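Colleague: I'm new to reading models like this one. Could you pick a single part and take me through it slowly, linking each bit to the next?

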Amino acid sequence: MPAHHSNQPANQGRRNFLKNTGQLLIGFSLTQAPFAVHAEGMPFATPRVEEDSINAWIRIDAEGNVTVLTGKTELGQGIKTALMQMAAEELDVNMKRIRIIIADTGQTSDERYTAGSASIEGSGRAIRMAAAEARKRLLDMAAGKLNAPVSGLTVKDGIITATATGQSISYGALLNGKSIEGEVTGKAPLKDPSTYTLVGTAYPREDIVAMATGQPVYVQDLRMPGMLHARILRPPVYGATLTALPENKLTGLAGIIKLVRNGSFVGIVAQEEYQAVKALRVLQQSATWNKPPLQPMLPELFNKMAAQTDNGEIVEKNDSVDPAIAAAAVQHEAVYKRPYQMHGSMGPSCAMAQWKDDQLMVWSHTQGVYPLRSTLADLLSIPESKIRVMAVPGAGCYGHNGADDVGADAALLAMAVPGKPVRVQWMREDEHTWEPYGSAMLLRLKGGLDAQGNLLALKTELWSDTHIARPGGRAGHFIAGRDLEKPFTFSPGRFSGGSYRNAVPLYNTPRQVILYNYKGPLRTSALRSLGAYANIFALESFIDELAHKAGKDPAAFRMQYLNDDRAKAVIQLLIDKTNWKERISKKGAGLGIAFAQYKNEAAYFAIVAEVQVDKTARQYRLVKLTGAIEAGQAINIDGIKNQTAGGMIQSASWTMLESVRYNATGIQSRNWDTYPILRFNAVPDTEVFVINRPELPPLGAGEAAQGPVAAAIANAIFHATGTRLRELPLKL
Amino acid sequence: MEKTVVLNVNGKAWSLNIDPEMPLLYALRNNLQLNGPKYGCGLHQCGNCMVLMDGKAQPSCMMPCAAAAAHTITTLEGIGSGSSLHPVQKAIIEEQAAQCGYCLNGVIICAKALLEENKHPSDAEIREALQRVLCRCGTHTRFISAIKKAAAANAG
Ligand code: FES
Ligand code: FES
């Protein structure tokens with residue numbers, strides 16, 4: 001018998017675990033499993049899953065239903081469906097047989113963060129390999145039972161048939177309730193993409209049915225018997241310390257269970273949600289704080305940034321760049337600015353936690369259950385083995401927002417009311433003022449053209465605060481961690497790659513890139529595409545400026561300096577689809593193009609923006625965005641289109657409207673009135689074309705649109721008006 | 001402080017002992033355990049908490065329960081479910097018009113209210129009807145096509 005046996009006691013225990021929880025695993029629905037966990041006493045420690053074992057990723061029950069396990073989380077990007085498609089395809093089963101369990105330290109492998117558009121490349125690859133391995137083992141088993149060579153077997157919806165005899169047996173019957181154990185060797189044959197029937201199709205997301213009918217889907221919808229509600233009293237500004245908290249003001253308020261105070265961290269736990277909200281308002285009015293002022297202000301911030309030139313980090317070095325630009329017939333220099341911008345999730349961050357029997361359970365919309373767990377262990381000084389973090393979807397997150405912070409809030413409060421599940425939800429104002437923003441950035445580009453308008457060299461200097469401040473085991477990365485009586489200190493990671501993401505031009509010309517790490521006044525971390533948004537905005541605006549100076553069609557100018565045929569193909573597709581050549585030659589039409597390959601290694605994306613300008617009113621309207629994307633093998637074409645169109649609209653919103661306002665007393669963008677985003681009447685029409693290359697590995701696509709859209713809009717405004725806008729958001 | 005307030009939600013009268021000042025949204029989500037209406041801002045700025053009040057789309061996050069008692073309220077759950085989906089829900093699912101879906105409640109409620117009044121809305125009228133709803137994932141263009149599809153299905 002093939003290796004689905006193993007006699008080590010540890011595995012025995014694990015099999016029992018699987019058996020005990022089999023029902024739950026298979027019947028996993030978004031609603032029941034998160035509730036059931038504590039009641040059923042599922043283990044808190046990480047399952048003893050070796051990442052190279054098949055059943056770390058794929059499990060098949062006696063009925064032939066398949067459970068896929070991923071350490072990645074669903075953030076609205078549709079990852080569940082795409083991963084299920086990959087497993088179903090490789091195993092040759094119908095989608096109806098597939099279930100999925102997303103990140104949970106009690107069940108899934110540690111796949112760190114769901115970020116960087118890397119889920120399909122990482123988790124998808126692992127699941128595909130495990131599914132192929134499982135299929136191979138099942139075929140080997142069936143060959144014995146059916147007395148036929150493996151080459152004489154076919155599989156349809158998990159039923160293996162011997163072509164010669166017509167005899168068949170199902171996956172479920174073969175396994176008979178046992179799990180497929182053994183390693184993913186990487187040697188199992190993968191299906192030929194030309195035979196795919198599921199991957200590459202627009203398989204619909206089933207979770208949309210639940211969303212459209214009001215079933216519980218989100219962490220915000222979790223309810224448990226005996227659950228308490230809580231709110232957090234946040235400081236008025238970063239670094240403020242609580243000087244007085246007149247607790248007597250709460251006297252007479254109904255439903256208050258506990259006021260939790262630890263240094264400047266204050267939480268109020270109440271029987272009912274609105275009681276917690278009311279108490280919070282009372283506390284906000286009565287608490288007094290020692291408030292350090294915020295500075296520097298915008299636009300002084302950009303001057304301060306530019307003045308910092310003593311710690312440059314050479315990202316890309318080429319000594320010929322400075323002399324080439326100095327000697328160029330046409331020299332050009334321009335400065336671009338990006339303000340702080342928000343994730344602005346529709347659902348304020350929310351978490352539930354329960355401290356019971358010396359174990360802490362946390363339900364969270366975090367992007368990384370394992371890193372959150374290790375950071376909670378640091379915060380609470382309890383071992384990781386006593387903490388279990390389970391991912392439950394929240395509203396779209398777009399990067400590192402308040403999800404981890406509210407998880408810490410919930411954990412701290414749960415410890416104060418043992419036994420009780422505590423649900424904490426941030427108020428809108430908490431989300432707007434405390435989420436880590438996308439950093440403000442300053443970019444100075446220089447370039448040279450020869451007398452014929454040929455590009456000679458490009459130089460980029462950029463200034464940015466960190467884009468990576470996720471909690472990776474250090475509690476100082478939680479807001480609450482810094483407010484405690486014995487505060488944890490915050491030390492940003494030294495990795496500055498997020499800042500210079502996409503700063504190195506893909507264009508074939510000598511280039512030099514220098515990064516200055518600048519510590520600004522606001523809290524920053526990963527916002528969808530990180531530094532790529534501003535870097536591509538600057539680069540693709542600058543290329544447009546150079547094309548104009550060279551007297552060349554900006555699309556053709558780009559093509560001239562791209563060596564990669566895949567890059568050229570997305571631009572060419574847009575040129576064809578938008579009737580580019582004819583329309584760009586018309587003055588005042590308002591057409592702009594931009595391109596980037598995300599991270600210079602993920603999806604290729606090009607975009608044409610069309611604007612209408614009302615010069616007298618000094619206003620413009622974004623009429624349409626047409627995008628072309630190539631992400632290698634498309635797993636779910638419709639999913640890629642949906643994500644890309646969404647990214648285009650979100651980036652248009654950042655680009656046209658968004659900027660975090662603050663003054664010395666703190667953040668002033670406290671809600672949607674003071675931080676407006678695009679509403680329906682201003683949203684452009686969108687169209688997305690996907691180039692599918694089934695023979696190539698899939699590439700991350702979720703963040704490809706962010707940078708190019710900004711530049712395309714600026715370029716379109718220039719085309720319409722002759723005015724070059726270099727500061728985001730773009731205002732005429 | 002608590003009082004008995006009778007709320008008429010999804011065709012049933014619910015007698016609740018609650019703080020009459022409490023905004024309707026909290027009663028819907030916590031007392032009636034409905035998930036459709038969602039908290040997004042509590043300030044009438046995002047539309048996540050939309051319900052139908054006497055057939056009109058209205059946010060529920062600031063209206064006290066005491067005032068809501070005078071109205072007939074329908075939530076997303078009351079619009080359609082399972083095999084009896086409302087045409088707007090059906091079209092949203094068919095068009096795969098959602099990413100995170102958090103804003104879907106507001107979109108569907110506003111679309112239903114619109115189609116009750118205007119069987120053949122133009123693009124501009126659809127945008128106007130959804131103006132109070134924010135979507136951060138950028139699913140807008142799919143929402144608009146889904147609502148057009150629902151209108152066509154209704155008419156056909
Ligand atoms: S929650 Fe009511 S409008 Fe935002
Ligand atoms: S789909 Fe996520 S907010 Fe609209």
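Modeller: Let's start with Pro299(A), which you'll find in the loop between β11 (288-290) and α8 (300-307) of chain A. Keep in mind as we go that this is a predicted model. The peptide bond leading into this proline, from Leu298(A) to Pro299(A), is cis, with omega near 0°. Why stop at that? Because most peptide bonds are trans, and most residues other than glycine have a negative phi. Chain A has another cis bond, between Leu728(A) and Pro729(A), where omega is about -10°. Pro729(A) sits in the segment after α19 (706-721) of chain A. And for phi, have a look at Ser381(A): not a glycine, yet its phi is positive, about 55°. Ser381(A) is in a loop too, the one that links α10 (369-380) to β16 (387-391) of chain A.

Now from the loops to the sheets. Strands of a sheet pair through backbone hydrogen bonds, and they can run parallel or antiparallel. A good one to begin with is the open sheet of three strands in chain A, ordered β4-β5-β6 and paired antiparallel. Which strands form its edges? They are β4 (153-156) and β6 (168-170) of chain A, each pairing on one side only. From one strand to the next, the twist averages 25°. Zoom in on β4(A) and β5 (residues 159-162) of chain A, and you'll count four bridges between these antiparallel strands. In one of the pairs, Lys156(A) has Ile159(A) of β5(A) as its bridge partner.

Chain A also has an open sheet of four strands, in the order β21-β22-β23-β26, and here the pairing is mixed. At its edges are β21 (591-597) and β26 of chain A, each with pairing on one side only. Ignoring direction, neighbouring strands here are turned by 15° against each other on average. Between β21(A) and β22 (residues 604-614) of chain A there are seven bridges, and those two strands run antiparallel. Phe595(A), for instance, has Ala606(A) in β22(A) as its bridge partner. A helix, α18(A), packs on this sheet and touches β22, β23 (619-630) and β26 of chain A. The direction of α18(A) makes about 135° with that of β26(A).

Hold on to α18(A), as it takes us over to chain B. In this interface, 66 residues of chain A are in contact with 52 residues of chain B. The size of an interface is often given as the accessible area lost when the parts come together. For chain A and chain B that comes to about 4900 Å², with 53% of it on carbon and sulfur atoms. There are 36 residue pairs in polar contact between the two chains. Where on chain A do the touching residues come from? At least two each are supplied by α6 (207-213), β7 (228-233), α7 (273-286), β17 (421-425), α18 (637-657) and β26 (685-691) of chain A. Of these, α18(A) gives the most to that side, with 11 residues. Sorted by class, the side of chain A that touches chain B has 28 nonpolar, 23 polar and 15 charged residues.

Charged residues bring us to the last stop. Side chains of opposite charge can pair when their charged atoms come close. The structure holds 44 salt bridges over all chains, and five are found across the interface of chain A and chain B. One joins Asp221(A) to Arg29(B), with the closest N and O atoms 2.7 Å apart. That pair reaches from the loop between α6 and β7 of chain A to helix α1 (residues 24-31) of chain B. Another salt bridge links Arg136(B) with Glu658(A), also at 2.7 Å from N to O.

Methods
Residues numbered from 1 in each chain as written. Chains lettered and ligands numbered in written order. Predicted model: local features only at pLDDT ≥ 70, side-chain atom pairs only at ≥ 80, totals over all residues. Heavy atoms only, no water. Pairing = 2+ DSSP bridges. Axes fitted to C-alpha atoms, helices over the stretch in contact; angles between N-to-C directions. Contact = heavy atoms within 4.5 Å. Buried area = accessible area lost by both parts, 1.4 Å probe. Salt bridge = Lys/Arg side-chain N within 4 Å of Asp/Glu carboxyl O. Polar contact = N/O pair within 3.5 Å; in protein donor to acceptor, adjacent residues only side chain to side chain. Nonpolar A, V, L, I, M, F, W, Y, C, P; charged D, E, K, R; others polar.
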